[in-house]
There are 2 protein chains.
Amino acid sequence: MTPEEFRTQGHRIIDWIADYRARVESLPVMARTEPGDVKKQLASAPPDSPESFDAILADLERIIVPGLSHWQHPSFFGYFPSNGSLASVLGDYVSTGLGVLGLAWQSSPALTELEEVVTDWMRSMVGLSPAWSGVIQDTASTSTLIALICARERTTGYGLVRGGLQAETQPLVVYTSAQSHSSVDKAALLAGFGRDNIRVVPHDGSQAMRPDALASAIDADRRHGAAPCAVVATTGSTSCTAHDPIDAIAAVTQPHRIWLHVDAAMAGSAMILPECRWMWQGIERADTLVINPHKWLGAAFDCSLYYVRDAEHLIRVLSTNPSYLQSAADGRVKNLRDWGIPLGRRFRALKLWFLIREQGVAALQVRLRRDLANATYLGDQVSSTPGWRVLAPVPLQTLCVRHEPPGLEADALDRHTLEWCDRLNRSGATYLTPALLEGRWMVRVSIGAEATERVHVDQLWAAMRAEAERSVSSL
Amino acid sequence: MTPEEFRTQGHRIIDWIADYRARVESLPVMARTEPGDVKKQLASAPPDSPESFDAILADLERIIVPGLSHWQHPSFFGYFPSNGSLASVLGDYVSTGLGVLGLAWQSSPALTELEEVVTDWMRSMVGLSPAWSGVIQDTASTSTLIALICARERTTGYGLVRGGLQAETQPLVVYTSAQSHSSVDKAALLAGFGRDNIRVVPHDGSQAMRPDALASAIDADRRHGAAPCAVVATTGSTSCTAHDPIDAIAAVTQPHRIWLHVDAAMAGSAMILPECRWMWQGIERADTLVINPHKWLGAAFDCSLYYVRDAEHLIRVLSTNPSYLQSAADGRVKNLRDWGIPLGRRFRALKLWFLIREQGVAALQVRLRRDLANATYLGDQVSSTPGWRVLAPVPLQTLCVRHEPPGLEADALDRHTLEWCDRLNRSGATYLTPALLEGRWMVRVSIGAEATERVHVDQLWAAMRAEAERSVSSL
């Protein structure tokens with residue numbers, strides 16, 4: 001495709017995306033497709049000859065769009081929001097169009113230096129001190145894996161350059177809570193710790209990790225000859241946006257030099273609001289931290305910020321220096337290949353730079369406060385309606401709710417919860433994610449899609465009541 | 001930014017990228033910036049109020065572009081090509097614009113099913129059997145890390161669900177060659193094997209791993225009580241596109257059930273040419289395989305294909321199943337979160353789908369054959385010129401060359417090589433990457449940028465001779 005053909009077809013794509021975003025509200029939020037429906041409409045063999053761009057766009061419209069669940073829909077309340085703000089989308093378009101890579105500073109200096117600048121911007125926006133250095137990773141899963149590998153290497157005194165983890169004689173232990181994200185377990189397993197060496201520290205009634213229980217678990221492990229290595233605390237847990245008490249946890253970890261990693265993937269964006277920062281009080285005492293601007297804040301996915309206090313340690317764990325990557329600038333520059341797992345790196349800083357500049361910090365704050373107010377508003381509606389309950393505190397924009405008609409025992413209530421939520425999702429009117437809380441099903445309402453206004457919250461609440469009551473009448 | 005504002009500014013971005021691609025040939029290939037030059041022109045604090053799109057675009061032009069090394073330049077011969085073909089770029093634009101995520105099949109069914117279809121397309125395009133299942137990762141570094149973790153878990157009988165790697169009593173060993181990519185070492189270290197347990201197997205005169213030396217190393221380890229775990233072989237190594245003999249290596253690994261991972265990140269694209277497939281003869285005997293269509297083939301970065309023969313094993317190692325990700329479709333669908341490290345996933349299949357459909361396989365083959373012919377042509381020019389040498393076989397599109405003026409001893413020759421290459425890069429006329437081969441510096445010429453035609457190869461060769469001779473005269 002020549003630049004002139006790109007110009008022609010690119011304008012069509014821009015119009016198509018603009019139209020998609022404008023009409024997304026008219027589409028069913030959750031895909032109504034059955035497994036295999038999309039695949040069976042697609043050619044099973046690649047074409048030998050070129051196809052027209054018309055044919056590709058037609059298939060996009062006819063086959064792909066009906067197979068999507070629409071994350072940018074104003075009635076998307078599932079998982080956590082993943083806002084691809086349109087200014088950020090354009091920043092990503094520049095990145096892909098330029099097609100430059102950041103293997104090393106030399107391979108595209110502006111890529112590295114802009115990444116340093118925007119991670120510094122975000123650091124100051126969320127109120128962190130300059131003691132932190134940031135880098136963009138793909139997701140919090142990867143950031144947490146890197147954190148646990150860095151913890152492993154601090155505890156073992158860089159065992160990776162000797163016999164590795166397998167040569168350690170004391171088992172290294174990772175501590176987290178049952179409310180932490182599934183990626184914490186996964187990272188610990190992939191980093192080689194083993195499930196036997198993951199401690200699930202008890203939480204309190206607000207789903208927060210108990211520092212006293214953490215201290216006991218650490219003491220018990222030390223008595224048994226194990227080496228406490230890392231604690232992963234969460235600010236804004238997935239099920240119910242609970243926050244572990246960072247300050248009190250750090251008071252436990254610091255005397256033993258245990259690595260403290262904070263997963264603020266979701267709640268990190270909220271820290272651009274000073275009134276939310278109490279949630280991660282003590283954050284300066286952590287070793288590493290992950291914040292995902294690709295969630296609520298609006299950076300096009302993927303854009304996960306990983307902050308470290310000891311950059312030298314990170315580089316020592318992750319650095320490689322083959323001859324074909326050396327350059328005269330080495331020693332005077334940041335080579336981002338030594339800050340993550342992949343060698344290749346997109347120019348991801350552009351999408352965050354475009355977002356923050358086009359919006360300005362104040363407008364981002366206004367939008368997040370709108371969502372917090374919507375969550376409070378919906379919480380009030382739910383709490384004041386007979387038969388409905390808000391099950392956990394609502395410090396952010398996610399509510400845990402249940403419709404509890406009288407006379408249902410626990411298992412029947414679980415079936416009822418899953419039933420009305422599923423019917424609601426299938427109706428196309430909205431998308432909600434059910435989850436377990438204290439072993440019982442509830443429905444998460446995660447408010448914060450960029451397009452979600454009060455009217456959509458009202459529509460949601462009306463639809464929830466209607467489906468739940470319909471479900472009761474069919475019991 | 002509203003959809004209508006996006007339409008207006010998006011058209012400007014399309015025009016800007018079209019113009020950039022059209023004029024890229026007029027820019028110096030390698031950035032001429034000094035460390036810190038870009039950063040000092042950028043605002044150190046984020047704006048509180050919105051900035052105009054005009055201001056952002058002006059900075060892009062004034063600050064960012066001069067700080068780029070231009071990978072899409074027709075005279076880019078550095079590293080390996082990273083072709084962002086414009087059809088593929090548009091596929092990526094659709095992905096970012098839709099802003100959907102593939103956490104699970106349910107979270108956007110078409111994302112998962114199209115990924116299955118295009119990885120199947122690529123499988124057949126490179127002549128692999130249907131025994132392989134594919135998934136898109138970001139880079140080969142990540143693919144190789146996953147391969148080594150999977151190998152670790154097969155050898156330990158899923159030690160990750162027990163005491164992890166640290167509980168193993170026999171050291172697990174990884175084998176590779178000095179020609180393998182730096183990401184192999186990095187993956188083995190991150191996966192916890194430790195440097196003491198990485199064996200660098202000797203290579204022969206064509207830089208290929210010696211199967212007899214591999215067999216000896218494995219025997220020695222077994223005699224000393226270690227557990228041979230994985231071999232990473234390379235098809236198309238980074239320095240000189242050497243290929244390890246897969247068939248002969250598999251004959252060594254299979255009797256011991258040692259995991260065989262093949263890094264065909266670069267050469268994998270060439271396998272769409274039947275005449276190149278001798279290079280990975282025996283590939284069906286490998287366990288895992290990585291191919292990067294984001295290199296030579298033209299898929300916009302990042303698009304690394306990871307193929308496995310035992311998908312159940314992969315899923316068992318990588319799966320997570322928290323309540324908030326469960327859906328009614330589970331058990332009948334592929335949940336791609338269980339095929340990689342990140343939970344979130346862009347709709348990356350679109351960029352490969354757009355590329356293959358808009359080009360057609362035949363045209364992709366024509367382009368790759370053009371580059372192979374250009375490499376042969378340049379090799380002939382170099383070999384037939386007194387004082388110049390081609391140092392390694394040229395099975396693909398990368399040449400290892402050296403200008404060897406008479407009377408220079410080894411160290412002086414190294415200085416001469418680095419000197420003329422650096423001068424050439426600084427001239428802006430071209431971009432070449434020097435590298436070590438058998439402990440001595442040489443210059444890699446990696447042909448294969450999409451825009452590179454014979455005329456650019458001729459210009460390169462003229463510039464190489466001119467700079468090398470200028471460098472000699474200043475000795």
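Me: A polar contact is a pair of N or O atoms within 3.5 Å; within protein, one must be able to donate a hydrogen and the other to accept it, and residues adjacent in sequence count only if both atoms are side-chain atoms. Using that, which backbone oxygen does the side chain of B:Gln72 reach?

Reply: First, the ground rules: this is a predicted model, where local features need pLDDT of at least 70, side-chain atom pairs count only at pLDDT 80 or more, and totals for chains, interfaces and linings use all residues. Residues are numbered from 1 along each chain as its sequence is written, chains are lettered from A and ligands numbered from 1 in the order in which they are written, and side-chain values use heavy atoms, with hydrogens and water left out. Now your contact: the side chain of B:Gln72 gets to the backbone oxygen of A:Gly99, at 2.9 Å.

Me: Where does B:Gln72 sit, and is B:Gln72 buried or exposed?

Reply: Helices (H or I, at least four residues) and strands (E, at least two) are DSSP runs, numbered from the N terminus. B:Gln72 falls in the loop between α2 (53-64) and β1 (76-77) of chain B. Buried means under 20% relative accessible area, exposed over 50%, partly exposed in between (1.4 Å probe, protein chains only). B:Gln72 counts as buried because its relative accessible area is 7%.

Me: What does B:Gln72 touch?

Reply: Contact means heavy atoms within 4.5 Å. Leaving out residues up to four places away in sequence, B:Gln72 touches A:Leu98 and A:Gly99 in chain A, plus B:Arg21, B:Val24, B:Ser82, B:Asn83, B:Gly84 and B:Ala451 in chain B. As for folding back along the chain, the C-alpha atoms of B:Gln72 and B:Glu25 are 8.7 Å apart, with their positions 47 residues apart in sequence.

Me: How do I read the relation between chains A and B?

Reply: Two copies of a chain are related by a rotation about an axis and a shift along it. Copies are superposed by least squares on the C-alpha atoms of residues with pLDDT of at least 70 in both. Here a turn of 180° and a shift of 0.0 Å along the axis lay chain A on chain B, with an RMSD of 0.0 Å. That makes the relation one of a two-fold axis. In chain A, A:Gln166 has the C-alpha nearest the axis, 2.1 Å from it. Both copies use the same surface, as 100% of the contact residues of chain A recur in chain B.

Me: Which residues does A:Thr433 touch?

Reply: Not counting residues up to four places away in sequence, A:Thr433 touches B:Tyr324 in chain B, along with A:Gly78, A:Tyr79, A:Val443 and A:Arg444. A:Thr433 belongs to strand β11 (residues 431-437) of chain A, and its side chain reaches the backbone nitrogen of A:Tyr79 at 2.6 Å. With a relative accessible area of 4%, A:Thr433 is buried.

Me: And what surrounds B:Thr142?

Reply: B:Thr142 is in helix α5 (residues 140-155) of chain B. Its contacts, again without residues up to four places away in sequence, are A:Ile341, A:Pro342, B:Gln137 and B:Ile341. B:Thr142 counts as buried because its relative accessibility is 5%.

Me: Which backbone angles should I look at?

Reply: Most residues other than glycine have a negative phi, and most peptide bonds are trans. In chain A, the peptide bond from A:Phe301 to A:Asp302 is cis, with omega near 10°. B:Phe301 and B:Asp302 are also joined by a cis bond, with omega about 5°. A:Asp302 lies in the loop between β7 (288-291) and β8 (304-308) of chain A.

Me: And where is phi positive?

Reply: A:Glu438 has phi near 50°; it sits in the loop between β11 and β12 (440-446) of chain A. A:Glu438 is exposed, at 54% relative accessible area. B:Tyr158 has phi near 60° and lies in the loop between α5 and β3 of chain B. B:Tyr158 counts as buried, with 15% relative accessibility.

Me: Is A:Gly205 buried or exposed?

Reply: A:Gly205 is exposed, with 70% relative accessible area. Look for A:Gly205 in the loop between β4 (198-201) and α7 (211-223) of chain A.
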